[in-house]
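Here's a quick briefing to read alongside the structure. It goes topic by topic, starting with the cysteines.

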Amino acid sequence: MSANVASKRQLAMVMDLNKCIGCQTCTVACKTQWTNRNGRDYMYWNNVETFPGAGYPKNWRTSGGGFDNEGNLKEGVIPEIETGYGTPWDFNHEDLAKGVEFKANAAPIWGPNWDEDQGAGNFPSDNYFFYIPRICNHCDNPGCLAACPRDAIFKRSQDGVVLVDQERCQGYRFCIAGCPYKKIYFNPKISKSEKCIFCFPRIERGLPTACAQQCVGRIRFVGFLDDEEGQVYKLVKKYKVALPLIPQANTGPNVYYVPPVAGPLKFDANGKPIPGSDRIPPEQLEALFGKEVHAAIKTIKDEMEIRKATGKSELLDILIAYKHSDMFRLDAGYYAHHNNSLKPVDHRYNAGKFTSFKAVH
Amino acid sequence: MNKTVKLLTLTAMASISLAAADFITAVKADKLNAAKVKLENVMLYPQTTIGNNDKEATEKMKGAKALPAKAGVVFNDKEMMVVVKWKDATNSKQKEASTKLFGDAVAVQFPASCMEADKLPYIGMGSDGRQVSILLQKNVEAVYPVAENADVTMQQVRQNLNMFGDELKKKEAAQKALASSKYNKVFVAEGFRSMTEVKDAKGYEMSMSYKGGEWTAVFKKPLNDDYSKSCDATPMAIAIWDGAKDGRNGNKWLSSWTPIQMKDSPKAKADIAKITEKSKGNAANGKKLASENCAACHTMGDIKAPMAYMAPDLSNIGGYATAGYLKESILNPNAAIVPGYNKNAHPSGVWYNVDDKGTRTSTMPAFDYLKPNEIDDIVAFLQTLKAGVK
């Protein structure tokens, strides 16, 4: 999108929402790999939230960030741990042996997927829900990067992964306000921002991200967007059934979602299901995935008919997700032969880094 | 009657004492001691040249008034000590379990070398070829090391430690011991985007303390090192952040270059005169000229530019820019280029372009066709642009 941050290639992920069961295995895989320590314990780089709902962090969809149609970065707000993310709490396991009451050491008022336990709607006539797993979108034009006054955030040219240079970051937190997905976090213990790194140390060894590897529903596909043999390419570019989340934020996200194709049916006055009906309001899907969502759903439904008639459909074969080796098209060799240094956007200051800086006399 | 006169005199004295001093007289002493400095008034103005995208922080700083501070310097042959005092109703601290709390902070800035007094580095952390060094301290509860320690158990939370009872308590105490309550850093910079921490700076000491609604910050540094030099009149600028107003980065108050007289020499006096020069031009005519020549891009107080982000907002420029800088920037905008917004933040309002070699060219044309007296008038007008005192 912007010449300033364009990468040569782009890694992408596709998540099939029709198969997400909200088991949070991805969340735990990510947490135990990256965020169980040193001030990251409140963060969920990967979270799965129930839609409709306020999400994680709370009300992220109305917290600003991203770009207007002229390309100007929009204002945003920074969530607080207790009210926005949820304070990590613990239980008094150790004291149970002494006969005390089992209780939490805090009274949390929000947390990851708090919505799931709240529920809403008019059961059973119009209620519906589905899950949205979310990681950093590793955008073409990241809002976090544009918001950083220190050029501490950069997009790797070899795969488009967006990272924070921990040496440059000064903990100003403008990145959090700038991200329309609120997928960059402030670590108050080290006073720096941190985010999903697309498991780049795994990716560089040819392994998928931890969240994708562990996904029990096999909903996640990982690969390069320009790899025409890859399933990511086929879902996003060929069949156009995988769509970016909130595209109107204008950041060009690189995590794509296969939208829910069929929600629960509506009931008629006699309590009988109405064939062909769908409780998920189309405008809700449009708000999440753009107007293209209708064409995507139609393509999948058409392919289902073709499959029924002929027994053949490349698209449905991909969505069935037979083999990890097809779902994850990565290449350790590519990284081995690529200059892998993590170059920040503006490297004029490298001369001063770690070393004595010679003043001009 | 006598009482009234006395009161009036006191009021007059109070208002005099609030006026910013032209320079700070450095006191020479064998042993550096904060009590030895001669404090002078320094006025700091809200930084409005460049905005930010934090909605709440922007709202909190809206309509901010000037902030009076006091500063003094004591030095010997090897080191100098700067003392800065200012009033702040709240002692704001960055906490280790909050994403939204910001700490009060203070920084002092020096040019990297003794430069010509009318060609000092850009006040916003220098500019290409005109480096500055910055000493920063921030009020924090605790800051832990970033890097993954070889012993990962020194970073894990209790639920992941597989430890119980005394063993767990001991481990958590050891983890806590890694934290520092000091956030003191030395930076070099050639413009605010390029600020880079100097990790091997030696001989720097900083501390800040809050008492009775007032902060006192002390900075000790080598008199001369790789990062800054002592001059006859050493220019210094001060920045102050208010954590209660979500202060950090550009959300701050900023002084102009304030000379510290280190020597009683003719050069010191000449440099002080240059750094603190007030234009003798006609500000009223300057306002007219600025409306005609500058307002297409620059917002200047009540004169609003047609498009936001197009160019530096000059609404407080009189508070933190020298006459020399203003004149130089009108005649040669490339002399000191303001780093501006991230290029991706406002792509249609870039403040400079960069060629293949990394050379920056300002998008502002030189206004060198204006007559010298017209430039003086514009500078005189720009020097009036600053927020009032509370």
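## The disulfide and the rest

B:C114 and B:C231 form a disulfide, with 2.0 Å between their sulfur atoms. Keep in mind that this is a predicted model. A search over all chains turns up one disulfide in the whole structure, and chain A offers a couple of cysteines worth a look for comparison.

**The link in chain B**
- The B:C114 to B:C231 link is left-handed, with -100° about the S-S bond.
- B:C114 sits in the loop between strand 5 (105–111) and strand 6 (132–143) of chain B, while B:C231 sits in the loop between strand 10 (214–222) and strand 11 (233–241) of chain B, so the pair ties together parts that are 117 residues apart in sequence.
- The two ends differ in burial: B:C114 is partly exposed at 44% relative accessibility, whereas B:C231 is buried, at a relative accessible area of 11%.

**Unpaired cysteines in chain A**
- Why is A:C175 not bonded to A:C169? The sulfur of A:C169 is the closest cysteine sulfur to that of A:C175, but at 6.4 Å it is too far away for a bond.
- A:C175 is also buried, with a relative accessible area of 7%.
- A:C211 is in no disulfide either, and its nearest cysteine sulfur, in A:C199, is 6.1 Å away.
- Like A:C175, which has a relative accessible area of 7% and is buried, A:C211 counts as buried, at 6% relative accessibility.

**Nonpolar cores**
- The largest nonpolar core has 96 residues, and A:M13, A:V14, A:F130, A:I153, A:L235 and A:F289 touch the most other members.
- Strand 1 (residues 11–16) of chain A gives the most to this core, with five residues.
- Beyond its neighbours within four places in sequence, A:F289 is in contact with A:L17, A:Y257 and a run of leucines and prolines: A:L243, A:P244, A:L245, A:P247, A:P259 and A:P260.
- There's a second, separate core of 62 residues, which includes B:A107, B:V338, B:W351 and B:I378.

**The five-strand sheet in chain A**
- What is the strand order of the open sheet in chain A? The order is 9-10-1-8-11, with mixed pairing.
- Strand 9 (243–244) and strand 11 (328–329) of chain A stand at the edges with a single partner strand each, so one side of each has no neighbour in the sheet.
- Strand 8 (residues 220–224) of chain A pairs with strand 11 of chain A in the parallel sense, over two bridges.
- A:R329, in strand 11 of chain A, is the bridge partner of A:G223.
- Helix 8 (residues 231–238) of chain A lies across strand 1, strand 8 and strand 10 (255–258) of chain A, and runs at about 95° to strand 8 of chain A.

**A hairpin in chain A**
- Strand 6 of chain A and strand 7 (residues 192–195) of chain A pair in the antiparallel sense over four bridges, and A:N187 has A:K192 as its bridge partner in strand 7 of chain A.
- The two form a hairpin with four residues between them, and A:S191 in the turn has a positive phi of about 60°.
- In a regular strand, side chains alternate between the two faces of the sheet.
- Strand 6 (residues 184–187) of chain A is covered on both faces, with A:I184 and A:F186 buried on one side and A:Y185 and A:N187 buried on the other.

**Confidence in chain A**
- Chain A averages a pLDDT of 89, and 91% of the residues score at least 70.
- Over residues 342–361 of chain A the pLDDT is below 50, and the stretch has 45 contacts in the model beyond near neighbours in sequence.

Methods. Residues numbered from 1 in each chain as written. Chains lettered and ligands numbered in written order. Predicted model: local features only at pLDDT ≥ 70, side-chain atom pairs only at ≥ 80, totals over all residues. Heavy atoms only, no water. Core = buried A, V, L, I, M, F, W, Y, C linked by side-chain atoms within 4.5 Å. Buried < 20%, exposed > 50% of the residue type's maximum accessible area, 1.4 Å probe, protein only. Contact = heavy atoms within 4.5 Å. Disulfide = S-S within 2.5 Å. pLDDT = per-residue confidence, 0-100. Pairing = 2+ DSSP bridges. Axes fitted to C-alpha atoms, helices over the stretch in contact; angles between N-to-C directions.
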